[in-house]
Amino acid sequence: MHTLSIPVAADTWLGLIAWAYLLTNAVRVFTYIPQILAVWKCSDGARSVSLLTWGSWVLSHVAATAYGVLVVKDGLFLFITLINFAGCGLGAAIAARRRWQWKQASQTLLI
């Protein structure tokens with residue numbers, strides 16, 4: 001079987017990958033907003049939010065920040081990573097706070 005291949009220079013592929021990274025992560029910043037607002041308005045302790053998942057995303061952004069500083073040394077990469085870290089961190093922090101508030105209110109009702 002013969003596959004069709006289009007000859008493209010390696011630097012073109014790197015450029016396309018860089019732009020894809022930039023665009024997908026720039027758009028991703030805006031996807032945190034509805035999640036943060038939903039968690040903020042949540043009155044059931046944000047039970048549908050996985051703190052493990054959001055925490056792992058925060059941790060991955062910590063690793064990406066270290067990678068950006070120590071390996072890539074690219075300001076734009078670092079900026080995007082820090083914005084995503086802030087979005088994940090805010091979502092996780094609000095969910096954890098809502099969970100704590102809900103538990104406190106539940107314990108107060110039991111007393």
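A nonpolar core is a set of buried Ala, Val, Leu, Ile, Met, Phe, Trp, Tyr and Cys residues joined through side-chain atoms within 4.5 Å. The exercises below concern a predicted model.

**Exercise 1. The nonpolar core**

Task: State which residues form the largest nonpolar core and which elements give two or more residues to this core.

Solution.
Step 1. The largest nonpolar core has eleven residues, namely Tyr32, Ile36, Val39, Ala46, Val49, Trp54, Val58, Cys88, Ala92, Ile94 and Ala95.
Step 2. Two or more of these residues come from each of helix H1 (10–41), helix H2 (51–72) and helix H3 (75–110).
Step 3. The most is given by H3, with four residues.
Step 4. For one member, Ile94, the contacts can be listed: with neighbours within four places in sequence left aside, Ile94 is in contact with Ile36, Val39 and Trp40.

**Exercise 2. The chain as a whole**

Task: Determine how many helices and strands the chain has, and how its radius of gyration stands against that of a compact globule of 111 residues.

Solution.
Step 1. The chain has three helices and zero strands, and along the sequence the pattern reads α-α-α.
Step 2. A radius of gyration near 13 Å would be expected of a compact globule of 111 residues, whereas the chain has 20 Å.
Step 3. The C-alpha trace spans about 70 × 40 × 20 Å along its principal axes.
Step 4. Of the 111 residues in the chain, 23% are buried.
Step 5. The chain exposes about 8,200 Å², of which carbon and sulfur atoms supply 72%.
Step 6. Among contacts between residues at least 6 apart in sequence, 77% join residues at least 24 apart.

**Exercise 3. Confidence**

Task: Find in which helix confidence is lowest and in which it is highest.

Solution.
Step 1. The mean pLDDT of the chain is 87, and 91% of its residues reach 70 or more.
Step 2. Confidence is lowest in H1, at a mean of 87, and highest in H2, at 94.
Step 3. A general caution applies: where pLDDT is low, the predicted coordinates should not be read in detail.

**Exercise 4. Two positive phi values**

Task: Decide whether Ala46 is buried or exposed, and do likewise for Lys73.

Solution.
Step 1. Most residues other than glycine have a negative phi.
Step 2. Ala46 is not a glycine, yet its phi is positive, at about 50°. Lys73, also a residue other than glycine, has a positive phi near 55°.
Step 3. Ala46 is placed in the loop between H1 and H2, and Lys73 in the loop between H2 and H3.
Step 4. The cut-offs are under 20% relative accessible area for buried and over 50% for exposed. Ala46 has a relative accessibility of 0% and is therefore buried. Lys73 has 64% and is therefore exposed.

**Exercise 5. The salt bridge**

Task: Identify which side chains meet in a salt bridge, and explain why Arg47 counts as exposed and why Asp44 counts as partly exposed.

Solution.
Step 1. The count of salt bridges comes to one.
Step 2. The partners are Arg47 and Asp44, whose side chains meet at 3.9 Å, N to O. The cut-off for such a pair is 4 Å.
Step 3. Arg47 counts as exposed because its relative accessibility is 54%. Asp44 counts as partly exposed because its relative accessibility is 28%.
Step 4. Both partners also touch Trp102: with residues up to four places away in sequence not counted, Trp102 touches Ser43, Asp44, Gly45 and Arg47.
Step 5. Trp102 lies in helix H3 and is partly exposed, at 31% relative accessibility. The C-alpha atoms of Trp102 and Arg47 are separated by 9.4 Å, although the two residues are 55 residues apart along the chain.

**Exercise 6. Two residues in different settings**

Task: Establish whether His61 is buried or exposed, and which residues are in contact with His61 when its neighbours within four places in sequence are left aside. Then locate Leu82.

Solution.
Step 1. His61 lies in helix H2.
Step 2. The relative accessibility of His61 is 8%, so His61 is buried.
Step 3. Apart from neighbours within four places in sequence, His61 is in contact with Arg28, Tyr32, Thr81, Asn84, Phe85 and Cys88.
Step 4. Leu82 lies in helix H3 and is partly exposed, with a relative accessible area of 40%.
Step 5. Between Leu82 and Gly45 there are 27 Å in space, C-alpha to C-alpha, and the two are 37 residues apart in sequence.

Technical notes
Residues are numbered from 1 along each chain as its sequence is written. This is a predicted model: local features need pLDDT of at least 70, side-chain atom pairs count only at pLDDT 80 or more; totals for chains, interfaces and linings use all residues. Side-chain values use heavy atoms; hydrogens and water are left out. Buried means under 20% relative accessible area, exposed over 50%, partly exposed in between (1.4 Å probe, protein chains only). Contact means heavy atoms within 4.5 Å. The radius of gyration is taken over C-alpha atoms; the globule rule is 2.2 Å times the number of residues to the power 0.38. Accessible areas come from the Shrake-Rupley method with a 1.4 Å probe; for residues, only the protein chains shown count as cover. pLDDT is the predictor's confidence in each residue, from 0 to 100.
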